[in-house]
Every structure is written in structure tokens, then in C-alpha cells.
Amino acid sequence: MFRNFFFTTLVLLLSIGILWITVTDLDPFGVQSRIARTTFFLALFTGVGSLCTFVFFFGAEVFRGKRLGSRKFLVAMRRGILLSVYFTTYMLLEWLNFWGILEATLLAVFLVLLEWIASTKK
């Protein structure tokens, strides 16, 4: 459990640091626009994914009051990545002015179906 906590915390802190540097120091419309956009979306993806993994795994561990195994950590990481895909896609499509209620609903249904398929698979 300590190894999972350490690596998830490390990824979260690195993502927050990279996101902070990207937002404060890089100009998204200047010479380094591709680097700024790429690092922003990658840091957002990894940051949201690790934060959601924290919430799903360590929150469930605290709520249940017992240590959960590595299988539950992989499930929490999968759910964190799916939520990260949703929020990163939201930000990207909102930035490109393609986001609407239909797109939000279709993406949410698609990701919920992916999670359902993965959770029922034996």
C-alpha cells in the first residue's frame, strides 16, 4: 500500500508542478504554443487521474477501515483514468468550442459502458 501511495503522490505532485509552470510561465499563443498546450493537457490528464485514484482507492480504504489489495488499486486506477479522459476531453473540446450537452452525454455513456464491460469481465 505504501508503494501505491508513494507513486500516486509523486505523480500528483509532478503533475501539479508541471501544470503550474505551464499556466504561469508558458504563453499558449506565443512561440511555444504547441509545447504549452501539450504539457497542459498531459499534466491535466495525469493530475486528474492520480487525484481520482486517490479518492477511489484511499477513500474506500479509509471508509472501510481495512487495507485493500492491489486488485482494488488497479480498479481505482482504471476509474481514475476514465474520469481523467472525461475531464481532459471536456477541456479540449471546450477549448475548441465543440462541447455541448449531446457530446457530454455521449462521452459519459461511452465511458460508463467501458467501465461496465471492464468490471463484468472475468
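# Helix packing in a predicted model

The residues of helix α3 that are buried (under 20% relative accessible area; exposed is over 50%, partly exposed in between, with a 1.4 Å probe and protein chains only) pack against α1, α2 and α4 (101-120). Contact means heavy atoms within 4.5 Å. Helices here are DSSP runs of H or I with at least four residues, strands are runs of E with at least two, and both are numbered from the N terminus.

The model is predicted, so local features need pLDDT of at least 70 and side-chain atom pairs count only at pLDDT 80 or more, while totals for chains, interfaces and linings use all residues. Residues are numbered from 1 along each chain as its sequence is written, and side-chain values use heavy atoms, with hydrogens and water left out.

## Helix lengths

The expected span of a helix is 1.5 Å times one less than its number of residues. The table sets this value beside the distance between the end C-alpha atoms.

| Helix | Residues | Expected span | End-to-end distance |
|---|---|---|---|
| α1 | 24 residues | 34 Å | 34 Å |
| α2 | 32 residues | 46 Å | 46 Å |
| α3 | 26 residues | 38 Å | 37 Å |

Two of these helices are followed by a residue with positive phi. After α2 comes Gly 65, with phi near 80 degrees. After α3 comes Asn 97, with phi near 60 degrees.

## Helix α1 against helix α2

Two packed helices are described by the angle between their axes and the distance between the axes. Axes are lines fitted to C-alpha atoms, for helices over the stretch in contact, and angles run from 0 to 180 degrees between N-to-C directions. For α1 (residues 2-25) and α2 (residues 33-64), the axes come within 8 Å and cross at roughly 145 degrees. This crossing of α1 and α2 is left-handed, a term for a near helix turned anticlockwise from the far one by less than a right angle, with clockwise being right-handed.

On the α1 side, the residues that meet α2 include Phe 5, Leu 12, Ile 18 and Val 23. On the α2 side, the residues that meet α1 include Ala 36, Phe 40, Leu 51 and Phe 58. By class, the residues of this contact divide into 13 nonpolar, ten polar and no charged. Here Ala, Val, Leu, Ile, Met, Phe, Trp, Tyr, Cys and Pro count as nonpolar, Asp, Glu, Lys and Arg as charged, and the others, Gly among them, as polar.

Asn 4, Thr 8, Leu 12, Ser 15 and Thr 22 are buried in α1. An α-helix has 3.6 residues a turn, so residues three or four places apart point the same way. The buried residues of α1 pack against α2 and α3. Asn 4, in helix α1, counts as buried because its relative accessibility is 15%. Neighbours within four places in sequence aside, Asn 4 is in contact with Phe 58 and Phe 73.

## Helix α2 against helix α3

The axes of α2 and α3 come within 7 Å and cross at roughly 145 degrees. The crossing of α2 and α3 is right-handed. The contact of α2 with α3 has 18 nonpolar, six polar and four charged residues.

Phe 41 lies in α2 and is buried, with a relative accessible area of 15%. Not counting residues up to four places away in sequence, Phe 41 touches Thr 88, Met 91, Leu 92 and Trp 95.

## Nonpolar cores

A nonpolar core is a set of buried Ala, Val, Leu, Ile, Met, Phe, Trp, Tyr and Cys residues joined through side-chain atoms within 4.5 Å. The largest has seven residues: Leu 12, Phe 54, Phe 57, Phe 58, Leu 68, Phe 73 and Ala 76. Two or more residues of this core come from each of α2 and α3 (70-95). Helix α2 gives the largest share, three residues. One member of the core, Phe 54, is in contact with Phe 5, Thr 8, Thr 9, Leu 12 and Gly 59, leaving aside its neighbours within four places in sequence. A second, separate core has six residues, among them Tyr 86, Trp 99, Ala 104 and Leu 111.

## Helix α3 and Thr 89

The buried residues of α3 are Phe 73, Ala 76, Gly 80, Leu 82, Ser 84, Tyr 86 and Thr 88. Thr 89 is also in α3, but counts as partly exposed because its relative accessibility is 24%. Leaving aside neighbours within four places in sequence, Thr 89 is in contact with Trp 99 and Leu 107. From Thr 89 to Ala 104 is 15 residues in sequence and 9.4 Å in space, C-alpha to C-alpha.
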